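Work through the exercises below with the structure open beside you, and try each task before reading its solution.

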Amino acid sequence: MGRVVYHVVGQRAQLRDGDVTCVVVEGREIALYRIGGEFFATDDACTHAHGSLCEGYLEGEEIECPLHAGRFNVRTGEATCSPATEALATYEVRSDGEDVLIGIPA
Amino acid sequence: MGTSTTFLNERAWRYFWHPVCTVAELRAAAADGNRPLAVTLLGERLAVAEIGGRVAALKDRCIHRSTKLSVGRVEAGGLRCAYHGWLYGADGRCREIPSMPEHSIPDDCRVAAHDAAIEYDLVWVRLDSSLDTRIPGCPAFGDAAFRCVAGEPYTWPTSAARRLENFVDLAHFPFVHDGTLGDRRQPLVPIAKVDRLNRELRFRFVPSPEMQLPGVALMAPTDYRLWVPFTVNLEFFFPDGERSQLWMSASPVESGVCRSFWFTCRTADRDGPDQPHLDFQALVLSEDLPVIEAQEPPEIPAPAEEYSVRTDKVSIAYRRWLKELSKAADEDADALARCLDSVRIESDRTFDDMPPAASASAAG
């Protein structure tokens with residue numbers, strides 16, 4: 001594994017539980033999720049047809065793409081429902097006090 | 001037959017104000033033998049009347065023997081049922097039972113009365129008052145800079161949400177409105193940044209030079225404001241500094257049916273004839289209706305049942321908020337209020353009316 005650099009993307013309180021938002025880190029568009037106080041991050045672009053997952057529907061740990069209803073587990077990135085078949089890249093998320101940080105391969 | 005879908009929960013819309021008729025329609029009924037007006041909102045039949053200077057929306061069913069109150073008559077003291085003459089006040093309480101004049105009438109002898117108000121020369125009704133919702137804005141109405149003309153309301157065989165989506169859809173212009181609002185040779189559309197704040201979606205459409213249609217229509221930069229769930233205002237900014245606005249509220253009559261109330265407003269030629277403006281809108285509507293009434297189902301279905309693309313950006317943001325509101329309404333009014341006040345800012349615009357919490361949510 002290469003080196004990972006953590007970037008502050010916002011404050012914990014900015015994202016409601018059960019919600020997803022878009023952040024841009026080092027030029028990457030990333031979907032940031034908050035589920036039960038825990039944060040997760042994946043690529044924003046669906047692996048099927050580039051729908052923006054942060055505009056999608058978060059149900060439990062699954063994000064449903066707003067374009068064609070493909071689904072992914074946001075913890076693992078695994079594609080869980082067609083037409084999505086290819087997994088999403090996931091990123092580590094850490095909290096430092098109120099700050100939320102996403103780890104990006106350097 | 002429309003197949004029912006569970007994507008959106010119509011019950012959520014009961015907490016919102018919807019227009020049900022024009023004041024002119026209400027007064028025309030009153031002038032025609034003191035009749036109330038029968039309307040339907042979210043499948044509920046209502047009798048609307050002005051009683052003692054106040055507009056009232058009563059459940060359209062006498063509690064005694066279930067005759068529609070809308071076939072009764074309006075009197076100074078209330079609405080009198082046609083069958084046995086029971087009289088109901090604007091608050092729904094029965095005031096008089098003619099066959100038993102000497103008996104006092106219990107408190108629970110009442111018909112359901114919903115919140116009703118007049119705004120923009122329209123009658124607005126809210127079926128459930130347990131959430132502090134407001135009548136949507138209509139920025140040009142009452143603004144002396146604008147001449148506002150009310151269009152004839154129209155009823156379409158589609159859901160209010162589909163009607164609204166059609167109103168904010170850009171990619172259909174070149175096909176449905178070829179030569180009117182668009183050009184088939186120029187089908188590209190910009191992907192807007194959509195902001196959510198103050199219970200509205202807001203976005204801007206800035207046409208590229210190649211979207212101009214000389215001699216057809218002037219494509220002007222347009223500000224969209226969409227008050228959830230079913231009201232929208234478009235403001236057009238013309239190169240000469242003049243502006244116009246087009247406002248529409250789609251009232252959810254019943255499943256698969258909506259009635260649209262609308263205004264066309266302009267700063268230019270305010271003393272000129274209104275008819276050309278109404279005629280132009282009538283032309284646009286006549287182009288939209290055949291494709292809208294052909295949508296099956298008339299309600300917005302689950303995402304898996306339609307194939308969206310990225311240029312459906314506005315529709316996707318709109319559907320998502322409606323879905324969130326639907327889910328919140330399944331919980332309780334507090335959850336719905338939180339969802340309604342949620343803020344998502346995508347653009348780099350600044351808003352005069354940005355709520356205090358919004359600046360934080362804009363980060364990222």
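Two residues count as being in contact if their C-beta atoms, placed from the backbone, lie within 7 Å. The model used throughout is a predicted one.

**Exercise 1. Describe how helix H5 and helix H6 of chain B pack, and say which residues meet.**

Step 1. Two packed helices are described by the angle between their axes and the distance between the axes. For helix H5 (residues 313-331) and helix H6 (residues 333-340) of chain B, the angle is about 155 degrees and the axes are 6 Å apart.

Step 2. Angles over 145 degrees count as roughly antiparallel, and H5(B) and H6(B) are therefore roughly antiparallel to each other.

Step 3. On the side of H5(B), the residues in the contact are B:Glu324, B:Leu325, B:Ala328, B:Ala329 and B:Glu331, and they meet B:Ala335, B:Leu336, B:Arg338, B:Cys339 and B:Leu340 in H6(B). Sorted by character, the residues of this contact come to seven nonpolar, three charged and no polar.

**Exercise 2. Work out the strand order of the open sheet in chain B that holds E5 to E8, and find its edges.**

Step 1. Strands of a sheet pair through backbone hydrogen bonds, either parallel or antiparallel. In this open sheet of chain B the four strands follow the order E5-E6-E7-E8, with antiparallel pairing.

Step 2. Strand E5 (73-75) and strand E8 (94-96) of chain B each have a single partner strand, so they stand at the edges and one side of each is left without a neighbour in the sheet.

Step 3. Taking one pair in detail, E5(B) is joined to strand E6 (residues 78-80) of chain B by three bridges in the antiparallel sense, and B:Val74 stands opposite B:Leu79 in E6(B).

**Exercise 3. Carry out the analysis for the open sheet of four strands in chain A.**

Step 1. The order in chain A is E5-E6-E7-E8, and the pairing is antiparallel. Strand E5 (57-59) and strand E8 (79-81) of chain A are the edge strands, each pairing on one side only, while the twist from one strand to the next averages 30 degrees.

Step 2. Within this sheet, strand E6 (residues 62-64) and strand E7 (residues 71-73) of chain A pair over three bridges in the antiparallel sense, with A:Glu64 opposite A:Arg71 in E7(A).

**Exercise 4. Decide how compact chain B is.**

Step 1. Chain B has seven helices and 18 strands. Its radius of gyration is 22 Å, close to the 21 Å that the globule rule gives for 364 residues, so chain B is as compact as a globular protein of that length.

Step 2. Of these 364 residues, 38% count as buried.

Technical notes:
Residues numbered from 1 in each chain as written. Chains lettered and ligands numbered in written order. Predicted model: local features only at pLDDT ≥ 70, side-chain atom pairs only at ≥ 80, totals over all residues. Axes fitted to C-alpha atoms, helices over the stretch in contact; angles between N-to-C directions. Helix = DSSP H or I, 4+ residues; strand = E, 2+ residues; numbered from the N terminus. Parallel < 35°, antiparallel > 145°, perpendicular 65-115°, else oblique. Nonpolar A, V, L, I, M, F, W, Y, C, P; charged D, E, K, R; others polar. Pairing = 2+ DSSP bridges. Rg over C-alpha atoms; globule rule 2.2 N^0.38 Å. Buried ≥ 20, exposed ≤ 12 C-beta atoms within 10 Å, placed from the backbone.
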